[in-house]
Amino acid sequence: MLAGVPTALRGQNDEERRLVVRELSFEGNATIDDHTLRRSIATTHSSWFARSPAVRWIGFGAKSYLDETELRRDVLRVEALYRLSGFVDAAVDTLVRRTETDAYVTFLVDEGEPVRVTTLRVSGVEDLVSVEELYRAIPLRVGEPFNRLLFRASVDTIRTRLAERGHPYAEVYRNFDLREVARTAQIEFAVDPGPRVTVDTVLVMGTDLIDDKVVRNTLWLQPGRTYNWRHQYHSQLDLYRTGMFNYVNVGIVDTLPDGPDDSLVTIRAQVSEGPLRRFRFGAGYGTVDCFRGHTAWTAFNFTGGGRRLDLFAGFSKIGAGEPLNFEQSVCPALRDEEQERLKLNYNLTAGITQPFVFHRRASATLALFAERHSELQAFVREAVGGELSWSYRIAWRTPITLSYSLAYGSTKADPVTFCVFLNVCRVEDTRIFTEPAFRAAVTVAFVKERREPVIDPVRGSRFTAELRFSGPLVGSDSLTQFLKGTVEYASHHRVGRRSVVGWRVKVGAIVAPERGFEGQDLRFVPVDERFYAGGPNTVRGFPFNELGPIVRVIEAGERDSIPVGDTLVVGNTRTSAVGGNDIFLANVEWRYSLSRTVTAAVFVDAGQVIERETKFFALSRLRITPGVGVRIASPLGPIRFDVGFNPYPVEDAPTYVQVGDALILWQDLFPDVDPPKPERDFLDRFRINFSIGQAF
């Protein structure tokens, strides 16, 4: 033991004398970016906490140490990467500044003149694919450096394009004429497409409790149809999406055709069944939901046939109202909310899904539910009912859904909402709009999802459209008649390796017929069907639901500074969002990755919610709010902190004084006095939003 101590101490001292890599940079690399070069070498720089002079003295962060041998090898690695990229004369050197404890490493790159592609020819595919489309898909380009990695990738691209058209056995013979002195390369791909094959039989292996027919119906590759590699890929993903399998592999049994006339293939679907009963639960916190939680139980292959039974229970506003009243301390956004809307929200749902209804791409779902849902400063709805929906995928990740819902329940809102838009200003008279009634609706929805990944998109787009009709014709109460349509498009684009730019546009409108009520013609749309905006997922510079029409109510009291004749009134002033029948939203966001888990964001949100008068879009009512934010990666999606800035003064709004059972417009009481408005200092212009998931 004593003999080993000096050796251990010497090893520890040697470790302490190793130099910490505080900086790793590149100069002269115009073609290959720093990120790619860092990934190609063994030398790495320390983490940000160990590099930044402002905080590295604390000792936090992972440290990387300089290895002189690997540094010399890294020079050869960078040179090899440049040669593969077409820069045959590239030269690399290093500049290392050493201190007693640290090292600052710089790679000096002289790229030289690259060998460029002068001609690129693909032969043998003229009658099979669009040559122009194929040239656009091939990553190698005329006029660009002759990159050997892209040269190999081009072969895979050609094979994939032919496999999508029924030629899985295509052979691509590559050839190039490289002239280093002239710095030119002539590229040729000669293609032997092989036979165009048809699916003959489908083998299913690995099933036990699940019927083989469920697997066969899920597959896009069916006997008698032309083979398509993309259908093979989608079949494998769809089997995973059923949730019933832990392992799936779909492919052609024969790796080579038996002969030039062999045009039939056998498809094998190898699966491994997973657990068919699953239980999950979760809990969280939201700005306007306070504490929330959910639990769910799913039975896959319920009674056979691939059916799925789902039981779900979700709760929110836990701690916002009785019996656990924490909104003053942990739910400050709900501090001024009405007590009725602070009660526990719940959603209890039982649903059963039957796949392959009328078509193997179609499924039907029957769900029964009981819910209590409230929107901040807007409404609360309690209802029980059910929904029957039928969904058909016209393409992969492109479903169109037709549904019918019927519910019996009530929607309660501030009586002033009905006073503003319906001119019904006695509280007693507004109860007809809040009494329990039947509401039925027929909905057609279309979704085209191309974002990747869906939970935190960095590329692709999403298009949704929905049309919803309600009226006595489908079983609704006579007061509930409307037609509601919304269209939304969102797109995301990579800008470099660390940046993503996303944008979203949404428009919507509601129309309703006129109906007679108490001697006047009314257009009544249920308050929970109207459009609302403001908050973490729309315009982040405005409070939740407060972008658009709002109304203020001053409750009458015995004494204050507001004269009504010879008396004084006041009381609490409450603000209610009344929504609108037209909406327009536009968002632009730039996200920059600071590390693997932390992303910074800069955004600009614009939008308006209006009660339609003569035209849909009113530029004067458009509100634009910029902001910044931080996202932290998590298994549930990015945890998002956003701060939006509102440059506008406090919005004017109709103000009513509630005297007993009546609501009286402020101007009718005080025609020469402006109604009071909430005060807003500079800090009040900043809105903090906390949520999980991207805004769009």
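Trainee: How many bridges pair E2 with strand E3?

Mentor: Happy to start there, keeping in mind that this is a predicted model. Within the pair, Val 96 stands opposite Val 105 in E3. E2 and E3 (residues 102–110) run in the antiparallel sense, and the number of bridges between them is eight.

Trainee: Which strands are the edge strands of that open sheet?

Mentor: The sheet has three strands in the order E1-E3-E2, with mixed pairing. An edge strand pairs on one side only, and here that describes strand E1 (20–27) and strand E2 (91–98).

Trainee: At what angle to E2 does helix H4 run?

Mentor: Helix H4 covers residues 68–84 and lies across E2 and E3. The sheet itself has a twist that averages 20° from one strand to the next. The angle of H4 to E2 is about 150°.

Trainee: How far apart are the end C-alpha atoms of helix H6, and why does that agree with its length?

Mentor: Let's work it out. Helix H6 has 16 residues, 148–163, and the expected span takes 1.5 Å times one less than the number of residues. That gives 22 Å, so the span agrees with the distance between the end C-alpha atoms, which is 23 Å.

Trainee: Which residue caps the N-terminal end of H6?

Mentor: Look for a side-chain oxygen close to a backbone nitrogen: there is one 2.8 Å from the backbone nitrogen of Leu 149. The residue that supplies this oxygen is Asn 147.

Trainee: Which elements cover the buried residues of H6?

Mentor: The buried residues include Phe 151, Val 155, Ile 158 and Leu 162. Their cover includes strand E4 (116–123), helix H5 (131–137), strand E5 (171–179), strand E6 (184–192) and helix H8 (229–241).

Trainee: Is Gly 143 buried, partly exposed or exposed?

Mentor: Gly 143 lies in the loop between H5 and H6. Leaving out residues up to four places away in sequence, Gly 143 touches Arg 116 and Val 117. Its relative accessibility is 40%, and since the middle class runs between 20% and 50%, Gly 143 counts as partly exposed.

Trainee: Which residues have the most contacts inside the largest nonpolar core?

Mentor: This core has 23 residues. Strand E7 (198–205), helix H7 (212–218), strand E8 (245–252) and strand E9 (264–273) each give two or more residues to this core. Apart from it lies another core, of 21 residues, among them Val 122 and Leu 134. In the largest core, the residues with the most contacts are Tyr 227, Leu 239, Met 244, Phe 245, Val 250 and Ile 267.

Trainee: Is Lys 317 buried or exposed?

Mentor: Lys 317 lies in strand E12 (residues 308–318), and a polar contact of 3.3 Å joins its side chain to that of Ser 374. Not counting residues up to four places away in sequence, Lys 317 also touches others, including Val 288, Phe 291 and Leu 344. The relative accessible area is 3%, and because the cut-off is under 20%, Lys 317 is buried.

Trainee: Which residue in the turn of the hairpin of E29 and E30 has a positive phi?

Mentor: Strand E29 joins strand E30 (residues 639–645) through six antiparallel bridges, with Val 630 and Phe 641 as bridge partners. E29 also pairs with strand E28 (residues 598–610), in the antiparallel sense over ten bridges. Six residues lie between E29 and E30, and the one in the turn with a positive phi, about 120°, is Gly 637.

Definitions and conventions: Residues are numbered from 1 along each chain as its sequence is written. This is a predicted model: local features need pLDDT of at least 70, side-chain atom pairs count only at pLDDT 80 or more; totals for chains, interfaces and linings use all residues. Side-chain values use heavy atoms; hydrogens and water are left out. A nonpolar core is a set of buried Ala, Val, Leu, Ile, Met, Phe, Trp, Tyr and Cys residues joined through side-chain atoms within 4.5 Å. Buried means under 20% relative accessible area, exposed over 50%, partly exposed in between (1.4 Å probe, protein chains only). Helices (H or I, at least four residues) and strands (E, at least two) are DSSP runs, numbered from the N terminus. Contact means heavy atoms within 4.5 Å. A polar contact is a pair of N or O atoms within 3.5 Å; within protein, one must be able to donate a hydrogen and the other to accept it, and residues adjacent in sequence count only if both atoms are side-chain atoms. Two strands pair if DSSP finds at least two bridges between them. Axes are lines fitted to C-alpha atoms, for helices over the stretch in contact, and angles run from 0 to 180 degrees between N-to-C directions.
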